[in-house]
Structures are given as structure tokens and as C-alpha cells.
Amino acid sequence: MSNFAFNNPAFQKQDPRNVATYPGAAGGQNAQTASLAHAGMDAAANAQLEGMYAAPPAGAIETDRMSVEDTVWKTAGLFAILLVTAVVGWVWTLGGVSVNPTAGVSMLPMIVGALGGFVLAMIITFTSRKKVRPALIFAYAAFEGVFVGGISAFFELLYPGIVVQATLATVAVVGVTLALFASGKIRASAKMTKIFMIAMVGYLVFSLLNLVLMWTGINDNAFGLRSVEIMGIPLGLIIGVLVVFMAAYSLVLDFDQIQQGVRNGAPRVYGWVGGFGIMVTVVWLYIEILRIIAIARSN
């Protein structure tokens, strides 16, 4: 009985066309060539594996999943639309301005932008759970831009330089909030969110009441109840500062929801919803700061 060690193919009878693997054997040159070719194939395979490991991870486009980077680009695109239509709203508002700064001002851009933005915001908010429609979000950004441009032009006529002041203050608040969130120093919590929601409802009730009093002529002050002074300080300034903190926390909620969407592997299209949420909050913050500065300068 033969030794099982010899069952190794190296010790079996081979076809004459096969070559030995040592240089002194017949046909050794061909053997070396085959060996080098095999080594080359191994090197190519190893290089391919190393390239795969060194390559950046698959992005949102490849995975069709939501990512922070993709959401940032979507948000930037929405703000680009807002800025373009804000210019339209600004020019539309100031069209035909006469010697009297407010005589030829058109209020139509503010009204159209506010109503269109509100309606679209409601539709987007209540339908995005089932289906995200980026076209509606684009339209919202356009209407919101017309509103922002219109109201900015109006306040700029009354208080020159106010738009630059409000813009810089808004950028500062957004930047600080983002930095604190990115560093982990501030996070959304259930308790804070509950307080935020209660404060939000109270603020909405106050705003609606103030609007009714101004429309009916019961309070004919420029800013309604916000013009009432408490210990020499306009109520609008006190409420305005609190609302800025509310808007900053709303930004934290927006950042947190985007982060959760990325962690949960949400579809990439939901990046538009994240950008929509940030835009709503930033516009709200800008309008509040614009009003705070106007109240302070008018006082």
C-alpha cells in the first residue's frame, strides 16, 4: 500500500505538457513565466482590495440613503432659491417709490409670499410622512423668498441698515447653535421639547391676539401690544429675546431630526424635508430679529 503522502499532486504522474516549477527542469522557462503571471494576478487582486479599502465610503447617491452632507447641499440649494426670489420681492416692493418713502411701497409681495408659503408649509408638513415632493419644497422656498424680500425692503425704508444688522445677527445665532450642537454641548431632550411646545402655543396665541387688535384698530401702535412698555422696556423686546431662544432650540430639534434620519437609514429624498425644516426656522428667526431691532430703533 502506497504512502498517502504521495497522493499529493506534486508526486503524481503529470502530462508532458505540464512543466516543472524549478528552474533546472525541462521547460523551466515556461514554468517561471507561468509563476510570474500568477504572482502578477495576485498582486493585481491585492491592489484592488487595497483600493477598495482606501476608497471613500459610498455616498448618498450610491446608497440612496440620507446623509448629513447631502442634506447640507439640499439646504443650500433651497436657500439659493430663497435669495433669488427675495431679490424679486425686494424690487417688487420698492417699485414706483416716490419722494415719500412709504407712499409707493407695494404690500402685495409680503401678502402673496406669506399666504403662499403658509399654505405650502401646511401641505408639506402633513403629506411628507407618506410622500416627499421636492417640487412643493422648491415652491415654498420661492414664496418664502418673496415674503422675506418684501418685508426686508419695507423695514429697510423705515430703518436704513436694519437688514444687514438682522442678517448678521441671524447668521451669528445659527452659527453658534450649530457649533454647540456639533460639539455635543447642547442636545434636544424630552423635557425641553415639552417646554418649547408650551411656549410656542403661548406665543402663537399672543401673536394672533395682537394681530386682531391691530387689524380692528383697538391698538393702533406700530407694533401693537409689543409697543407696550414694562418698566421702560417695550414688551416686544422682552418677548423677542425669548423667541430668539425658542428659535435657536427649534434649530437644535431640526439638527437632531436630521441626525436621527441619517442613523435610521432614511431614504435620501428626506434630506429635502430636513432642509425645509431648517429654512422654516431660520426665516422665523430672521423675522423676529428684524422686529426686535425695529422696536429698539423706534423706541
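A salt bridge is a side-chain nitrogen of Lys or Arg within 4 Å of a carboxyl oxygen of Asp or Glu. The structure holds three salt bridges, and the tour will reach each of them. The model is a predicted one, in which local features need pLDDT of at least 70 and side-chain atom pairs count only at pLDDT 80 or more, while totals for chains, interfaces and linings use all residues. Residues are numbered from 1 along each chain as its sequence is written, and side-chain values use heavy atoms, with hydrogens and water left out.

**Confidence**

Begin by colouring the chain by pLDDT, the predictor's confidence in each residue, from 0 to 100. The mean for the protein is 82, and 76% of its residues reach 70 or more. Residues 1-28 have a pLDDT below 50, and this stretch has 15 contacts (heavy atoms within 4.5 Å) in the model beyond near neighbours in sequence. Where pLDDT is low, the predicted coordinates should not be read in detail. Helices (H or I, at least four residues) and strands (E, at least two) are DSSP runs, numbered from the N terminus. Among the elements, helix H1 (residues 28-54) has the lowest mean pLDDT, 52, and helix H6 (residues 162-182) the highest, 96.

**Annotated spans**

Next select residues 75-95 and 161-183, which are among the spans that an unreviewed UniProt entry labels "transmembrane region". UniProt positions are given in the numbering used here, feature names are shortened, and annotations may be inferred rather than shown by experiment. Residues 75-95 are 95% helix and 0% strand, with end C-alpha atoms 30 Å apart. For residues 161-183 the figures are 91% helix and 0% strand, with 33 Å between the end C-alpha atoms.

**Thr170**

Within helix H6, select Thr170. Is Thr170 buried or exposed? Buried means under 20% relative accessible area, exposed over 50%, and partly exposed in between (1.4 Å probe, protein chains only). Thr170 counts as buried because its relative accessibility is 5%. Not counting residues up to four places away in sequence, Thr170 touches Val282, Leu285, Tyr286 and Ile289.

**The salt bridges**

Move to Asp70 and Lys74, both in helix H3 and four residues apart, about one turn of the helix. Their side chains meet in a salt bridge of 2.4 Å, N to O, and both residues are buried. Asp70 also forms a salt bridge with Arg268, at 3.3 Å, N to O. This second pair links distant parts of the chain, 198 residues apart: Arg268 lies in the loop between helix H8 (235-263) and helix H9 (270-298). Arg268 is partly exposed, at 24%. Asp70, Lys74 and Arg268 are thus linked in a network of salt bridges.

In helix H9, select Glu288 and Arg291, three residues apart. Their salt bridge is 2.9 Å, N to O. Glu288 is buried at 4% relative accessible area, whereas Arg291 is partly exposed at 21%.

**Met231**

Select Met231 in the loop between strand S1 (229-230) and strand S2 (233-234). Its phi is near 55 degrees, a positive value in a residue other than glycine. Most residues other than glycine have a negative phi. Met231 counts as exposed, at 82% relative accessibility.

**The nonpolar patch**

Finally, display the surface and select Val88, Trp92, Met107, Leu108, Ile111, Val112, Leu115 and Phe143, which form a nonpolar patch with about 680 Å² of accessible area together. Four of these residues, the largest share, come from H4. Phe143 is found in helix H5 (residues 134-158).

Terms used: Patch = residues over 30% accessible without salt bridge, like charges linked within 9 Å, V, L, I, M, F, W, Y side chains within 5 Å. Areas by Shrake-Rupley, 256 points an atom, 1.4 Å probe, with all protein chains shown as cover.
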